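Visitor: Could you take me through one part of this protein in detail? I would like a close look at a single helix and at what surrounds it.

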Amino acid sequence: MKWMFVLVLALSPLYAAAAPWGAVANYTEPKAGQTSAKRPGERYLIAQILDGRPIRAKLTLAKDSTKYQSYEKIISQGYNRWFQETAQQIRAAGREKEFADILPLLEKGVPVRFVGEVDEADIEFLIVPFKEVGEYCRGAAGCYIHSDQFPLPQIVLPQDNIFWRVVSLGEIKTANIGLHEIGHSLGLSDQYERARSLNSHPLYSTEETYKNSVMYNATSLSCDDADGIINLIDLTRGFSRGGELGWRSLCKKSDVVYVRSAPLTKGPYVITALDQGKKWRLEAFDKGSKKAEYVLAVNLYSKSMPLEDISETVFRRDSAGRPLSAKSSEGEEVYYSYVYDRKVRLAVRNGEVTNATVWQPVYKKNKRNEKLFSVYFGEGGGLSVIGYTRPYSSKGKKGTMIYIGGLDKREKSADVSLEFDAKGNIIKSEIVWPSSDQARTTTDSAIGQTTPATSATRASSPAGMESKIRRSLRHSALVKEREKKIEDLVEWYLRQSY
Ligand SMILES: [Zn+2]
């Protein structure tokens with residue numbers, strides 16, 4: 001999706017060329033129901049183009065539209081532009097020799113055949129009135145929809161609308177939005193900040209922030225889009241362009257070098273949460289090749305909340321000086337992964353995760369609104385999380401802290417939720433205190449076990465008095481325990497600097 005804030009963007013100047021591109025996050029993963037992919041990209045259309053098969057498209061128009069041919073043309077041109085303008089970028093850079101193996105393929109373009117039925121199609125295009133696009137596309141002015149539940153990809157585009165075309169100085173038109181969505185259908189991810197960290201592949205994507213690619217909001221292909229198509233082709237074919245030395249981005253001002261379709265600076269570790277944080281996948285890459293993959297479960301019986309500040313000895317750093325692997329003062333192996341603005345730290349002992357920490361911004365509209373810090377850890381046989389959000393650009397203590405115990409076992413309402421002002425004073429709190437029911441269950445079963453035969457001898461005492469007292473003592477112990485926990489959490493929160 002894109003173009004939500006297109007009017008603002010249309011007025012800002014385009015930036016100098018750089019290389020932000022990304023394959024979509026699931027480009028290298030098998031389709032649902034398959035045990036392994038034959039090769040990367042098989043749920044995207046570039047794979048079949050490389051096999052020499054045309055794109056079979058079903059075009060569905062809104063009832064009152066008769067411009068069937070003009071939309072056919074927009075779609076055909078969209079696919080062709082991705083290939084032919086990539087070839088133009090190669091020629092413009094004077095690097096025809098280096099890409100001689102794919103230039104003929106790119107210049108030939110992409111054949112698109114229109115079919116009458118959806119079950120003959122590889123993709124369906126829906127052209128709907130401008131006002132209705134938002135309903136299909138969650139408020140965006142166009143979208144690409146594809147999931148394992150709905151295996152036929154769909155692209156929803158607005159009918160050309162003279163009013164918007166004029167207001168946006170020609171930027172909002174079906175062809176421009178179509179070019180971006182067609183990029184998705186080939187296997188490219190979004191490059192605008194709110195979305196790119198969500199749908200870009202952690203390894204096959206760059207980190208640059210310059211913005212003139214079609215997968216950001218540009219209306220014609222630039223060097224970075226061309227980088228993307230070349231990398232998708234190489235990745236899909238398993239081709240290692242430039243061998244171990246790789247190849248330099250087509251963008252003149254960029255110093256990005258790709259080896260096996262991955263920027264040299266990426267990795268080497270990619271850490272992904274699985275099973276809502278109960279398991280974590282740790283992948284190790286070397287120059288674009290996966291060397292190892294582990295799925296590690298969280299040790300659900302950790303002794304305490306990870307509230308101490310742990311020091312570590314760093315073994316390895318990336319070119320920006322960020323830690324990649326380390327040993328903690330607690331003796332854990334520590335791994336770091338960086339994907340756009342999301343950072344993950346995984347602490348591992350004896351093949352089990354002791355805790356996993358995630359730093360990431362939260363986007364509101366297209367802006368970084370808050371920063372979110374969270375630590376996942378095991379507690380009493382379940383998964384717990386502590387975390388907080390703070391305004392993105394503030395240095396004070398304003399924010400909201402939460403603690404959720406048994407995250408994997410029940411509804412995710414917080415046990416403790418505290419709101420702080422800039423000075424660190426608590427201004428609002430929601431705390432789920434242990435219920436007396438919980439206390440009764442614990443106490444009654446304890447009595448049952450230790451004093452099974454005494455009820456008769458104590459029959460003269462007021463009914464249930466003793467067990468009532470025990471119950472309330474037990475209850476207040478649970479409350480005290482929770483109070484202590486909250487104290488520790490507040491202290492921890494106030495110490496944090498992220
Ligand atoms: Zn998009």
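Guide: Happy to. A residue is called exposed when its relative accessible area is over 50% and buried when that area is under 20%, with partly exposed in between. Please keep in mind that this is a predicted model.

Let us look at helix α11, which covers residues 465-495. Leu-473 lies in this helix, and Leu-473 counts as exposed because its relative accessibility is 55%. Leu-473 also belongs to a nonpolar patch on the surface, together with Met-465 and Ile-469. The accessible area of these three residues together is about 300 Å².

Further along the helix we come to charged residues. Side chains of opposite charge can pair when their charged atoms come close. Arg-482, in helix α11, forms a salt bridge with Asp-415, and their closest N and O atoms are 3.7 Å apart. Asp-415 sits in the loop between β21 (399-404) and β22 (416-420), so the bridge links distant parts of the chain, 67 residues apart. How accessible is Arg-482, buried or exposed? Arg-482 counts as buried, because its relative accessibility of 16% falls below the 20% cut-off. Its partner Asp-415 is buried too, at 9% relative accessibility.

Arg-495 is also in helix α11, and Arg-495 forms a salt bridge with Asp-309, where the closest N and O atoms are 3.1 Å apart. Asp-309 lies in the loop between β13 (289-297) and β14 (312-317), so this pair ties together parts that are 186 residues apart in sequence. Here the accessibilities are as follows: Arg-495 is partly exposed at 38%, while Asp-309 is exposed at 55%.

To place these bridges in context, the model has 23 salt bridges by the distance rule used. Another one pairs Glu-96 with Arg-91, at 3.8 Å from N to O. Glu-96 is partly exposed, with a relative accessible area of 28%, and Arg-91 is partly exposed as well, at 40%. Salt bridges also link Glu-29, Arg-281, Glu-283, Lys-290 and Glu-293 into a network.

Now for the setting of the helix within the whole chain. There are 11 helices and 23 strands, and buried residues make up 47% of the 498 residues. The accessible surface of the chain is about 25,000 Å², and carbon and sulfur atoms account for 52% of that surface. Among contacts between residues at least 6 apart in sequence, 58% join residues at least 24 apart.

The nonpolar interior is worth a look as well. The largest nonpolar core holds 60 residues, and Tyr-79, Trp-82, Phe-83, Ile-123, Phe-125, Ile-229 and Ile-233 have the most contacts inside it. Helix α3 (residues 68-92) gives the most to this core, with eight residues. A second, separate core has 25 residues, including Tyr-269, Ala-326, Val-344 and Leu-407. Leaving aside residues up to four places away in sequence, Ile-123 touches several residues, among them Leu-45, Ile-55, Tyr-79, Tyr-144 and Leu-152.

Back at helix α11, then, you can follow the helix from the surface patch that includes Leu-473, to the bridge between Arg-482 and Asp-415, and on to the bridge between Arg-495 and Asp-309.

Note on methods. Residues are numbered from 1 along each chain as its sequence is written. This is a predicted model: local features need pLDDT of at least 70, side-chain atom pairs count only at pLDDT 80 or more; totals for chains, interfaces and linings use all residues. Side-chain values use heavy atoms; hydrogens and water are left out. A nonpolar core is a set of buried Ala, Val, Leu, Ile, Met, Phe, Trp, Tyr and Cys residues joined through side-chain atoms within 4.5 Å. Buried means under 20% relative accessible area, exposed over 50%, partly exposed in between (1.4 Å probe, protein chains only). Helices (H or I, at least four residues) and strands (E, at least two) are DSSP runs, numbered from the N terminus. Contact means heavy atoms within 4.5 Å. Patches are made of residues with over 30% relative accessible area and no salt bridge: like charges are joined within 9 Å, nonpolar side chains (Val, Leu, Ile, Met, Phe, Trp, Tyr) within 5 Å. Accessible areas come from the Shrake-Rupley method with a 1.4 Å probe; for residues, only the protein chains shown count as cover. A salt bridge is a side-chain nitrogen of Lys or Arg within 4 Å of a carboxyl oxygen of Asp or Glu.
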